[in-house]
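Good morning, everyone. Let me put the model up, and then I will walk through it piece by piece.

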Amino acid sequence: MSQHPLPENLHVDTLAVRAAVDRSQYGENSEAMYLTSGYVQPDAETAARRFAGEEEGYTYSRLGNPTVTSFEMRLAAMEGAEACVATSTGMSAILLMCLGLLKSGDHVICSHSLFGSTIKLIGSEFAKFGVQTSYVSQTNVAEWKAAMQPNTRLLFAETPTNPLTDVCDIQALATIAHAGNALLVVDNCFATPILQRPLEMGADLVVHSGTKYLDGQGRVMAGALCGSKALIEDVFGSVMRSAGMTLSPFNAWVVLKGLETLSIRMHAQSQQALALAHWLEAQPQVSRVFYPGLKSHPQHELAMKQQSGLGGAVLSFEVKANSPEQGRENAFKVMNAMRTVSLSTNLGDVKTLVAHPASTSHGRLSEAQRQVAGIQQALIRVAVGLEHLDDLKADFMRGFQAL
Ligand SMILES: *Cc1c(COP(=O)(O)O)cnc(C)c1O
């Protein structure tokens with residue numbers, strides 16, 4: 001904890017560098033890293049009280065670690081949440097969410113375009129335990145409403161989506177969820193709390209993959225859930241104690257330091273993505289660009305209102321082609337000819353990454369499922385980083401010249 005309490009009503013940029021600074025007796029200005037699995041107890045009575053939950057204090061790092069606590073408190077402050085629980089990966093945060101909230105007979109509504117592993121986890125793994133899932137179109141509020149059932153427990157949304165950057169109306173979905181006594185969960189991985197704070201728009205829980213923009217330099221895996229104290233401490237805390245999808249203190253420290261530059265990175269990478277999107281739209285080899293910052297994006301106005309006027313750092317585009325086979329061939333030619341950017345399915349890095357969704361992240365879907373999701377063979381996703389814009393354009397030109 002910081003030695004002096006922070007003033008009230010600080011901006012998210014300030015919270016990113018100042019919230020939950022934990023200093024040891026040495027007063028270090030860069031947060032200490034507590035690499036320990038266990039903690040020495042002052043006496044047996046204290047140990048008993050700590051294990052009984054009657055007194056604060058660390059006992060064992062599966063149950064809590066000061067570096068992990070700092071990351072949790074800082075992210076909670078940035079999301080405007082009462083509390084946060086950190087997990088080993090983004091998927092383990094979603095697993096924890098499911099274990100804490102779902103029981104046999106419950107119903108979940110998800111968008112078709114959710115992250116693939118999320119669909120697999122909720123739709124297939126939890127189906128084994130009697131959880132039923134309905135899939136709806138990301139942007140059609142009426143479909144979400146029509147899918148509500150008396151046993152609907154959760155509405156799970158992700159906005160903008162991967163890779164087509166579809167944006168859904170968080171406020172509208174929260175109203176639908178609450179009218180049916182259900183909870184709205186938002187995966188805020190792409191926008192981060194710098195662009196959008198779903199809890200302020202009525203969502204009940206925010207899910208993060210810390211692996212992406214929170215770390216921001218492609219170094220570690222991490223995840224988190226942010227929400228009310230009642231949900232985070234009472235519901236998820238007790239599952240965590242037994243299930244142990246704990247974030248390592250080393251990874252917590254890396255992501256904690258990543259948060260300090262999140263605002264400047266999200267602004268710079270969003271601006272760079274917008275400039276690149278405009279440029280791509282003007283290239284004769286490109287048939288279509290998907291980016292919320294473009295006027296041509298179907299939810300442009302909603303995105304600008306909901307995301308602090310920024311489009312985020314991920315865009316996708318289709319290379320011109322006469323058939324799906326040629327689309328795949330052309331997309332491969334473009335990516336293979338590029339020399340500056342990396343071919344990688346990750347995102348959230350300061351290094352620009354390109355990927356071919358139809359053969360990687362969405363490769364396990366049938367062609368028919370891909371058509372429903374709108375993932376064409378000619379589609380290339382770009383997670384825009386911090387290289388000079390001219391060098392990025394030159395690299396894409398190199399790709400287009402290979403056609
Ligand atoms: C990467 C990602 C996840 C999963 O996070 P991991 O840290 O890889 O487990 C979940 N949701 C979205 C939107 C993602 O991009």
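By a polar contact I mean a pair of N or O atoms within 3.5 Å. Keep that cut-off in mind for the ligand. And keep in mind that this is a predicted model.

So, the ligand. Look at T211 first. One of the polar atoms in the T211 side chain lies 2.6 Å from an oxygen atom of the ligand. That pair falls under the heading of a polar contact, because the cut-off is 3.5 Å. Taken alone, the ligand exposes 380 Å². The protein buries 93% of that.

Two further pairs belong here. The side chain of S209 has an N or O atom 2.8 Å from an oxygen atom of the ligand. The side chain of D187 has one 2.6 Å from a nitrogen atom of the ligand.

Which residues come nearest? There are 13 residues around the ligand, and M91, D187, S209, T211 and K212 come nearest. By class, the shell divides into 6 nonpolar, 4 polar and 3 charged residues.

Now two buried side chains in loops. Start with N188. N188 sits in the loop between strand 5 and helix 8, residues 192-195. Is N188 buried or exposed? N188 counts as buried, because its relative accessibility is 0%. What does its side chain reach? The N188 side chain makes a polar contact with the side chain of E79, at 3.0 Å. Leaving out residues up to four places away in sequence, N188 touches E79, P193, Q196, P198, V206, V207 and H208.

Next, D215. Find D215 in the loop between strand 6, residues 205-209, and strand 7, residues 223-227. D215 is buried too, with a relative accessible area of 0%. The D215 side chain reaches a backbone atom: the nitrogen of V220, at 3.0 Å. Again leaving out residues up to four places away in sequence, D215 touches G210, V220, V254, V255, G258 and R265.

On to helix 7, residues 170-179. Which residues of helix 7 are buried? They are I170, L173, A174, I176 and A177. These buried residues lie on the same side of helix 7, because they cover an arc of only 165° around the axis. Turn to the other side of helix 7, and T175 and A179 are exposed.

What do the buried residues of helix 7 pack against? Two helices and two strands are on that list: helix 6 (141-146), helix 12 (300-306), strand 4 (152-158) and strand 5 (183-187).

Both ends of helix 7 deserve a look. At the start, a side-chain oxygen of D169 reaches to within 3.2 Å of the backbone nitrogen of Q171. Just after helix 7, N181 takes a positive phi of about 55°.

That brings me to backbone geometry. Most residues other than glycine have a negative phi, and most peptide bonds are trans. Here are some exceptions.

Cis peptides first. T159 and P160 are joined by a cis peptide bond, with omega about -5°. The peptide bond from N162 to P163 is cis as well, with omega near 0°. Where do these prolines lie? P160 is in the loop between strand 4 and helix 7. P163 is found in the loop between strand 4 and helix 7 too.

Then positive phi. N9 is not a glycine, yet its phi is positive, about 55°. N9 is in the segment before helix 1, residues 12-18. N9 counts as exposed, because its relative accessibility is 76%.

A20 is not a glycine either, and its phi is also positive, about 55°. A20 belongs to the loop between helix 1 and helix 2, residues 44-51. A20 is buried, with a relative accessible area of 13%.

One last stop: R288. R288 is in strand 8, residues 286-290. R288 counts as partly exposed, at 43% relative accessibility. Setting aside residues up to four places away in sequence, R288 touches S316, F317 and E318. How far apart are R288 and Q25? They are 263 residues apart in sequence, and 57 Å apart in space, C-alpha to C-alpha.

That is the tour. Over to you for discussion.

How values were computed
Residues are numbered from 1 along each chain as its sequence is written. This is a predicted model: local features need pLDDT of at least 70, side-chain atom pairs count only at pLDDT 80 or more; totals for chains, interfaces and linings use all residues. Side-chain values use heavy atoms; hydrogens and water are left out. Buried means under 20% relative accessible area, exposed over 50%, partly exposed in between (1.4 Å probe, protein chains only). Helices (H or I, at least four residues) and strands (E, at least two) are DSSP runs, numbered from the N terminus. The arc is that of the directions from the helix axis to the C-beta atoms. Contact means heavy atoms within 4.5 Å. A polar contact is a pair of N or O atoms within 3.5 Å; within protein, one must be able to donate a hydrogen and the other to accept it, and residues adjacent in sequence count only if both atoms are side-chain atoms. A residue is near a molecule or strand if one of its heavy atoms lies within 4 Å of it. Accessible areas come from the Shrake-Rupley method with a 1.4 Å probe; for residues, only the protein chains shown count as cover. Ala, Val, Leu, Ile, Met, Phe, Trp, Tyr, Cys and Pro count as nonpolar, Asp, Glu, Lys and Arg as charged, and the others, Gly among them, as polar.
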